[in-house]
Amino acid sequence: MAKICQFCGNKNFKSVNVEYTYKKNDQLLMVKNVPCEQCEYCGEQYFHADILKGIEQEFNDIYSGGKKPFLEIRVPIQNFADIRKAS
Ligand SMILES: [Zn+2]
């Protein structure tokens with residue numbers, strides 16, 4: 001895995017499980033409890049290529065193969081220009 005953080009140069013990482021959002025053509029897949037190495041200084045997350053490949057495969061299984069995900073949620077989308085300022 002990563003030896004030096006590409007963003008801050010720190011060398012200390014911790015193994016954590018995080019939420020990962022995969023996005024392709026306005027379609028989203030959120031995956032919970034994805035293992036990664038996280039920089040202890042800046043928090044940048046590094047994922048193993050096999051893990052990202054697995055998530056991409058799962059995305060295809062769900063959107064193209066009709067696989068039923070663990071959970072589905074509705075996500076509101078808004079343009080910032082349409083957000084009304086608090087008066
Ligand atoms: Zn870092």
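Buried residues account for 7% of the 87 residues in the protein, as judged from a predicted model. One helix and three strands make up its secondary structure, and from the N terminus these elements follow the order β-β-β-α. The radius of gyration is 17 Å, well over the 12 Å that the globule rule gives for 87 residues, so the protein is more spread out than a compact globule. Along the principal axes, the C-alpha atoms occupy a box of roughly 45 × 40 × 20 Å. Of the contacts between residues at least 6 apart in sequence, 55% connect residues at least 24 apart.

The three strands assemble into an open sheet with the order S1-S2-S3 and antiparallel pairing. S1 and S3 are the edge strands, each of them pairing on one side only. Helix H1 packs on this sheet, where it touches S1 and S2, and the direction of H1 makes about 170° with that of S2. H1 itself spans residues 49-63.

Within the sheet, strand S1 (residues 13-24) and strand S2 (residues 27-39) run antiparallel and are joined by eleven bridges. In this pairing, Lys23 of S1 is placed opposite Leu28 of S2. The two strands form a hairpin with two residues between them, and Asn25, located in the turn, has a positive phi of about 50°. Coverage of S1 is slight: among its twelve residues, the count of buried residues is one.

The pairing of S2 with strand S3 (residues 45-46) is likewise antiparallel and comprises two bridges. Glu37 faces Tyr46 of S3 across this pairing, while Gln38 has Gln45 in S3 as its bridge partner. S2 and S3 also form a hairpin, here with five residues between the strands, and Gly43 adopts a positive phi near 85°.

The segment that follows helix H1 contains Val75. Where does Val75 stand relative to Leu28 in sequence and in space? The two residues are separated by 47 positions in sequence, whereas their C-alpha atoms are 9.9 Å apart. Leu28 is the residue of S2 that stands opposite Lys23, and the separation from Val75 thus relates a position in the S1-S2 pairing to one in the segment after the helix. Is Val75 buried or exposed? Val75 is exposed, because 7 other C-beta atoms lie within 10 Å and a residue counts as exposed at 12 or fewer.

Technical notes: Residues numbered from 1 in each chain as written. Predicted model: local features only at pLDDT ≥ 70, side-chain atom pairs only at ≥ 80, totals over all residues. Pairing = 2+ DSSP bridges. Helix = DSSP H or I, 4+ residues; strand = E, 2+ residues; numbered from the N terminus. Buried ≥ 20, exposed ≤ 12 C-beta atoms within 10 Å, placed from the backbone. Rg over C-alpha atoms; globule rule 2.2 N^0.38 Å. Contact = placed C-beta atoms within 7 Å. Axes fitted to C-alpha atoms, helices over the stretch in contact; angles between N-to-C directions.
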